Amino acid sequence: MRYVIIIEKGDTSYGAYVPDLPGCVAVGETPEEARALIEEAILLHLESLREAGEAIPEPLSQSAYIDIPLAA
């Protein structure tokens with residue numbers, strides 16, 4: 001499965017979350033650390049869902065970038 005992750009810079013750290021897995025979050029000192037920790041969090045989250053007999057959510061979120069020209 002391939003889930004979209006969002007990494008945001010905070011005042012003192014980077015937060016990461018998965019739109020398709022509510023409650024699945026991680027915080028790291030760098031974007032790379034946040035990415036590694038959210039990957040681990042996803043695995044643990046999915047394992048918890050399986051153990052509880054709950055369905056694994058399908059990844060539905062998409063991401064894209066839009067280039068906006070700035071006036072000079």
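I'll talk about a pocket, a surface patch and one leucine in this structure. Keep in mind that this is a predicted model.

Pocket first. The largest pocket has a volume of about 260 Å³. What lines the largest pocket? From the start of the chain come Met1, Tyr3 and Ile5. Then there are Arg35, Ile38, Glu39, Ile42, Leu43 and Leu46. By type, that lining holds seven nonpolar residues and two charged ones. There are no polar residues in the lining.

Now the surface. Which residues make the nonpolar surface patch of about 420 Å²? They are Ile66, Ile68 and Leu70. Look at Ile68. This residue sits in the segment after helix H1, which spans 31-51. Is Ile68 buried or exposed? Exposed, because its relative accessibility is 62%, and the cut-off for exposed is over 50%.

Last, Leu60. Leu60 is also in the segment after H1. Its relative accessibility is 65%, so Leu60 counts as exposed too. One distance to go with that. Leu60 and Glu29 are 31 residues apart along the chain. Their C-alpha atoms are separated by 28 Å.

Key. Residues numbered from 1 in each chain as written. Predicted model: local features only at pLDDT ≥ 70, side-chain atom pairs only at ≥ 80, totals over all residues. Heavy atoms only, no water. Patch = residues over 30% accessible without salt bridge, like charges linked within 9 Å, V, L, I, M, F, W, Y side chains within 5 Å. Areas by Shrake-Rupley, 256 points an atom, 1.4 Å probe, with all protein chains shown as cover. Salt bridge = Lys/Arg side-chain N within 4 Å of Asp/Glu carboxyl O. Helix = DSSP H or I, 4+ residues; strand = E, 2+ residues; numbered from the N terminus. Buried < 20%, exposed > 50% of the residue type's maximum accessible area, 1.4 Å probe, protein only. 1 Å grid on protein atoms, 1.4 Å probe; cavity = no way out; pocket = protein on both sides within 12 Å on 5 of 7 lines; lining within 4 Å. Points joined across faces, edges and corners; volume = space filled by probe spheres on them. Nonpolar A, V, L, I, M, F, W, Y, C, P; charged D, E, K, R; others polar.
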